[in-house]
Amino acid sequence: MKANTYLYKKIRKIDHDVLRPTFHFNAPVGWINDPNGLIYYKNYYQLYYQYNPYAPHWDSMHWGHARSKDGIHWQDMPVAMKPDHEYDKSGVFSGSAIEKGGKLYVIYTGHVDENGKAVETQCVAVSDDGVDFKKYKNNPVMTIADLPGEVDESNFRDPKVFEHDGKYYCVIAAAINGHGSLILFESEDLLHWSFKSILLQGEKYGLMTECPDYFNIDGKDYLAFSVILGDDKHSIVYIAEGHMDWQTFKFELEKCDRLDDGDDFYASQSFMNEKGERIVIPWLRSADHVNYLEESGHLWNGMMGIPRKLTIDNNELIQSPLGKFKQISLSDSEITLGINQLAEDIPVSYSLILKGDNGEIYITRTNESQYTIDIHSPAFTEELVWHSNKHKLTLVIDNSSLEIFSQTKTLSVVTFIAGINRMELKKVDL
C-alpha cells in the first residue's frame, strides 16, 4: 500500500502536465473509461474504473480504484482487479457494487476474446475492505443461456446491482434480436441469479445498450443507459422516467431524454451518498479526439466528470455539481478553475469568452433558449448548439474540460484547453 502511494504521487509530481485536470478524477498514468462500483463504503466515496495502467489507450481492462471524502479530492488506491481467470482473461469489464453484511460485493462483466470471438458473462468478487478482492469460485453467475430470444454473446454486460424489498436485482445491457435491451435479474444472496424480465427493448435503443442504471428519487423510477446508435453516430446517454411494476417486473415508460447534451458525456453511473442523495459520475471521453493525448505525448488519457447531485423540483429532474460554488459577475475579468455560478443571465446577442493559456471558449446566447458553444483548442475547433430555458448558468471549469449546468439541462465537453483564468463579455452580430 505504501509503495503504491509513493509511486502514484511520484508519477503525478514528475508529470508536469498542464492539460491534466485539477479536480476531475484522472488516473496517475494510463487510460481510463467507465466509472465502476460507485458506492459510499467505509466512510469514503469509492470510485472504481476501467483502467489500462500500461498505456494511454484502451486495452486489456483492469479495475482501477480511488477514494474520496467529498467526491472532489481523490486518493489513488491500488488496482482492485485484473484479468486473471478463464472467464475474464481478456478484460475485467464494467460493473457495480453493493454492501452486504459489512462486505463489499461487486458484480462485473468478464470478457473473453479468442480467435476473433468475444464472450461476455457476469461475475462476482467480494472484499472485506474495498481494497483487496477475491473472485467467487463459481463464476460466472449469469450467462446468455438465461436470456430469451436471439442474444449476441459478445454484447451482454455492465450489471448495475441494487436492493429492493429484501431482494437483490441487476439491470444489465444486452443485444437481443438485434436491438439494444435492458434486462432484469433477481437474487436472494448476490451469488445465484435468475432472469426476470426485459425492461426496455427496441430499435430506438440502437444496436446495443451499455452501462444501465436504475434508481428511484422521490417516488419516481428512472433508467439511465448509454446507447450505441451505429452508422457513425455518437453513442449517447439517455434517462428514461417511468414506473417500475414490482409485481410484473415491467418498466412502464413515460418519457425519455438525454441525461446530458454533450457527446463527451458517457457511461454514467449513480450511487447513494452518506446523506441519502443520488449522485451521478460520468466518464468524459472526448468522443471525436480520443487519441489526442496519447498522440501528443501525454501519460494519461480520460477523466471523470464532476459528481452531480440529482433532485426533483416541480416534477423536473435537476442536476447540480458537487463542491463549493463561487458567485461571479459578467463584469468580472478574472475567473478561476472550479464551480463558477453566474450572477446574471448572458444577454441575447452576447458572448461570454473564457480565455485559457492555449485556447478560448465562446458561450453565445443566440436567442431566448439557444446558445452556441465555440471551442478553439489545440486539438480542434468546433461549434456546438445547446438549448436551455433556464439561464442562471453554472460553469464547471477545469483544465481540459467544461461542464455547463442550467438546472434541467447540462452540457459536458472535453476541450484540451488549459489554464482558463480570464473572461470577457462581448456583444456580437448574429
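In the predicted model, Phe271 has Ile279 of β18 as its bridge partner. This pair belongs to the antiparallel pairing of β17 with β18, which extends over six bridges. The two strands form a hairpin with five residues between them, and in this hairpin Gly276 adopts a positive phi near 80°. Strand β17 is mostly covered, with seven of its eight residues buried.

Both strands of the hairpin also contribute to the largest nonpolar core, since β17 (265-272) and β18 (278-284) are among the strands that each supply at least two of its residues. This core comprises 38 residues, and those with the most contacts inside it are Phe25, Ile32, Tyr49, Phe215, Ile239, Met304 and Ile306. Further strands that each give at least two residues are β1 (30-41), β2 (44-52), β13, β14 and β15. Because domain 1 (1-316) and domain 2 (324-425) both give residues to the core, it lies between them. A second core, apart from this one, has 33 residues, including Ile346, Ile361, Phe416 and Met423. In soluble globular proteins, nonpolar side chains tend to be buried together.

The surroundings of Ile239 illustrate the packing around one residue of the largest core. Beyond its neighbours within four places in sequence, Ile239 is in contact with Phe215, Tyr222, Leu223, Ala224, Lys255, Cys256, Asp257, Arg258, Leu259 and Leu317. Of these, Phe215 is also listed with Ile239 among the core residues with the most contacts.

Strands β13, β14 and β15, which supply residues to the core, are also part of an open sheet. The sheet consists of four strands in the order β13-β14-β15-β16, with antiparallel pairing. Its edges are formed by β13 (208-217) and β16 (250-258), each of which pairs on one side only. From one strand to the next, the twist averages 25°. Within the sheet, β14 (residues 220-228) and β15 (residues 236-245) run antiparallel and are joined by seven bridges. Val227 stands opposite Ile236 of β15. Strands of a sheet pair through backbone hydrogen bonds, either parallel or antiparallel.

In the second domain, Leu330 is located in the loop between β23 (325-328) and β24 (338-342). Its relative accessibility is 8%, so Leu330 counts as buried, the cut-off being under 20%. With neighbours within four places in sequence left aside, the contacts of Leu330 are Leu342, Glu344, Asp345, Ile346, Pro347, Leu352, Met423 and Leu425. Two of these residues, Ile346 and Met423, are members of the 33-residue core. By contrast, the C-alpha atoms of Leu330 and Ser197 are 52 Å apart, with their positions 133 residues apart along the chain.

The protein as a whole is divided into domain 1 (1-316) and domain 2 (324-425). Taken over C-alpha atoms, the centres of the two domains are separated by 29 Å. Their contact involves 26 residues from domain 1 and 28 residues from domain 2. The secondary structure amounts to two helices and 32 strands. The radius of gyration is 21 Å, close to the 22 Å given by the globule rule for 430 residues, so the protein is as compact as a globular protein of that length. The C-alpha trace spans about 65 × 50 × 45 Å along its principal axes. Buried residues account for 57% of the 430 residues. Of the contacts between residues at least 6 apart in sequence, 51% join residues at least 24 apart.

Note on methods:
Residues numbered from 1 in each chain as written. Predicted model: local features only at pLDDT ≥ 70, side-chain atom pairs only at ≥ 80, totals over all residues. Heavy atoms only, no water. Pairing = 2+ DSSP bridges. Axes fitted to C-alpha atoms, helices over the stretch in contact; angles between N-to-C directions. Buried < 20%, exposed > 50% of the residue type's maximum accessible area, 1.4 Å probe, protein only. Contact = heavy atoms within 4.5 Å. Core = buried A, V, L, I, M, F, W, Y, C linked by side-chain atoms within 4.5 Å. Domains from an automatic or database assignment. Rg over C-alpha atoms; globule rule 2.2 N^0.38 Å.
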